[in-house]
Each structure stands twice: as structure tokens, then as C-alpha cells.
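Hi everyone, thanks for making time this morning. I'd like to walk you through one structure, so let me put it up on the screen.

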Amino acid sequence: MDKSLQKTEQEEIESKRKVYREAKEQTRKNARRLRFDESNPQPKKDSVDSPRKRFYRQRAHSNPFSDHRLDYPKSPESMDWSKYYPQYHDKESNNMLQDVEIADIGCGYGGLLINLSKEFPKTLCLGMEIRVQVTQYVEDRIIALREQNKSKDINYQNIAVIRGNAMKFLPNFFKKSQLSKMFFCFPDPHFKQRKHKARIITNTLLSEYAYALKVGGIIYTITDVEDLHNWMVEHLTEHPLFERLDKQWEDQDKCVEIMYNSTEEGQKVERNKGDKFIACFRRLPDPEI
Ligand SMILES: C[S@@+](CC[C@H](N)C(=O)[O-])C[C@H]1O[C@@H](n2cnc3c(N)ncnc32)[C@H](O)[C@@H]1O
């Protein structure tokens with residue numbers, strides 16, 4: 001095709017995406033504003049529509065070391081969760097009724113979160129995602145699901161997404177022993193040796209995850225890259241605060257089944273008939289000194 005024609009076509013697609021995303025941005029702003037206004041139950045049409053993924057596509061890999069524009073709370077106590085889970089916020093006392101208990105690290109397009117919401121409808125689950133447009137897609141997806149399921153038992157008020165780099169300041173979001181489950185589903189493999197330091201499981205990061213997890217809490221991992229699976233197993237096994245759970249445990253655990261089938265990346269692997277490697281680890285008590 002003629003290069004200039006190709007360029008014009010590309011520009012048209014880009015501008016369409018931009019217009020779509022700007023409209024959704026407005027819906028997001030309205031939804032944030034209206035979240036507390038229960039006297040305004042009439043959803044706007046576009047907030048009920050599920051977002052279209054093709055308008056939010058972003059480069060697959062992001063560099064976790066160049067995220068200088070991200071905001072972090074000073075401490076878990078200063079984090080305002082009421083914006084994310086308005087139905088779990090008590091207006092009178094201005095306190096949250098519950099803490100986040102389940103974290104999906106690098107949640108991508110949010111498939112796992114949505115399934116966790118159905119399995120644990122009374123537990124607060126949080127997706128953390130570094131890519132801007134992917135985070136916006138998940139936020140729009142949750143807004144739409146909440147609007148579509150307002151009067152139902154499963155109303156998706158217990159899930160939320162936050163843009164953040166899990167490799168930085170995780171203890172600023174979560175108190176010690178706050179979480180009962182952390183999911184690492186199809187993390188970026190960072191194949192090259194010199195990029196291994198960007199992997200989401202390292203000794204240092206595992207100590208942060210152990211801090212946020214309660215004793216008995218579980219780290220779930222799944223990947224289609226055998227080398228990364230071995231890396232995660234090796235690091236988790238070597239860490240003094242984790243012990244691996246066996247195949248028998250995996251087979252009876254509901255979350256393993258959910259994680260196996262429900263993430264977008266996992267579905268892609270399924271379509272391509274790839275392998276899926278699972279490893280789950282339990283948080284051990286701190287050693288006595
Ligand atoms: C291969 S995708 C998997 C997404 C999802 N878990 C799934 O299974 O469909 C990995 C995701 O992790 C996100 N990610 C990578 N590093 C991250 C970090 N340090 N903090 C938060 N998210 C991260 C990426 O942007 C990407 O969306």
C-alpha cells in the first residue's frame with residue numbers, strides 16, 4: 001500500500017481511539033464523582049457499555065524502572081480506599097469497613113479480578129497494573145459491571161484497580177499481614193539475563209510480599225514460560241518465609257482453577273495450545289529470634 005495512504009489510515013485509527021478514550025475518561029470522572037451520590041441512580045448509557053479493548057491497546061512490555069510519574073500513598077493509613085470501594089466505606093465514621101485482602105499483581109485486562117469478585121463477593125480484591133491504558137480499561141470494565149449489576153448479589157463493588165508499580169512501595173499500600181492471597185499471573189518473563197532484575201519475583205521483593213501477607217496467606221504463580229516458572233520456584237523455595245504447596249493442594253484449591261482459566265493471558269496461551277506451569281506457596285510464621 002502507498003506509504004502516505006497507510007499513514008493517513010493509521011492516523012485515522014489513532015484519532016478514533018483518542019476520541020473513544022476521551023469519552024470514557026469523562027465517564028470515569030463522572031463515575032468517580034457520582035460514586036457517593038446514591039440519589040443519582042440513573043446510569044448514563046456509555047457507563048453501562050463494556051469498554052472495547054481495542055481502544056486501549058498498549059505496548060506489551062513496560063519498563064518497571066521508569067515510572068517516575070506514579071503517585072504513592074505515604075503509608076497504608078493515608079491511602080484513601082473509599083474512592084475505590086465506596087460501598088465498603090462508612091460515611092459517618094469516615095472509615096473503611098474492610099481492608100483489601102486479595103491482590104492481583106500485574107492484573108492486565110482484569111479477567112482474574114472479575115472471577116475473584118464472583119468467588120469472594122464479600123472480600124476486597126485489588127488489581128495493580130503499571131500500564132496506563134490497561135488500567136483505564138479495567139477501571140472502565142468495573143464501572144460498567146457495577147452499573148449493569150446494581151441490584152444483583154454479585155455487584156462488583158468489591159473489586160478495584162490501581163495504577164502502580166508493584167516493585168516499588170508496596171508496603172505503602174498494604175499494612176503488615178494485611179493480605180491473604182497474592183496472584184502473579186503470567187508475569188512479564190524478561191528473558192535476557194541482564195533483564196532478570198526486572199522480574200516481579202526476586203529475593204528482595206519476596207520479603208516485601210511476605211511482609212504484606214498474613215501467616216498462612218498464599219502466593220499463587222502461573223506462567224507459560226518454563227524458565228520463569230523455575231526461577232519463581234527457586235526464589236520462593238529459597239526464601240525462609242515460604243513453603244511450597246503440593247499438587248494435591250493445588251488440585252483442590254478453587255483459586256488455582258480460577259487462575260488457570262480466567263486471565264486474558266492464560267486464555268491466549270490456551271488458544272495457542274501452550275503449557276501452563278503453576279506453583280503456590282504458603283507464608284510461614286516469622287522465625288523466633
Ligand atoms: C503478561 S501480562 C499478564 C496480565 C494478566 N496477569 C494476565 O494473566 O492476563 C503482565 C502484566 O503485568 C504488568 N506489570 C509488569 N510489571 C509490573 C509492575 N512492576 N507492577 C505492576 N504491573 C506490572 C504488565 O503491564 C502486564 O499487564
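Let's start at G106. Leaving out residues up to four places away in sequence, G106 touches E129, A166, F184, P187 and I200. Please keep in mind that this is a predicted model.

Where along the chain is G106? You'll find G106 in the loop between β3 (100–105) and α3 (111–119). Is G106 buried or exposed? G106 is buried, because 24 other C-beta atoms lie within 10 Å, and the cut-off for buried is 20 or more. If you'd like a distance to check on screen, the C-alpha atoms of G106 and G266 are separated by 13 Å, with the two residues 160 apart along the chain.

Now to the ligand. There are 22 residues around the ligand, and those that come nearest are G106, G108, I130, T263 and E265. Two elements, β4 (124–129) and α10 (264–271), give two or more residues each to that shell. Of these, α10 gives the most, with three residues. For those of you who think in chemistry, the shell splits into 11 nonpolar, six polar and five charged residues.

Last stop, the interior. The largest nonpolar core has 56 residues, and F184, one of the contacts of G106, is among those with the most contacts inside that core, along with I142, A160, M182, F183, I219 and Y220. Helix α4 (residues 132–148) supplies the largest share of this core, seven residues. As for M182, apart from neighbours within four places in sequence, M182 is in contact with A103, I105, Y209, L213 and I219.

That's my tour, and I'm happy to rotate the view for anyone.

Note on methods. Residues numbered from 1 in each chain as written. Predicted model: local features only at pLDDT ≥ 70, side-chain atom pairs only at ≥ 80, totals over all residues. Near = placed C-beta within 6 Å. Helix = DSSP H or I, 4+ residues; strand = E, 2+ residues; numbered from the N terminus. Nonpolar A, V, L, I, M, F, W, Y, C, P; charged D, E, K, R; others polar. Buried ≥ 20, exposed ≤ 12 C-beta atoms within 10 Å, placed from the backbone. Contact = placed C-beta atoms within 7 Å. Core = buried A, V, L, I, M, F, W, Y, C linked by C-beta atoms within 7 Å.
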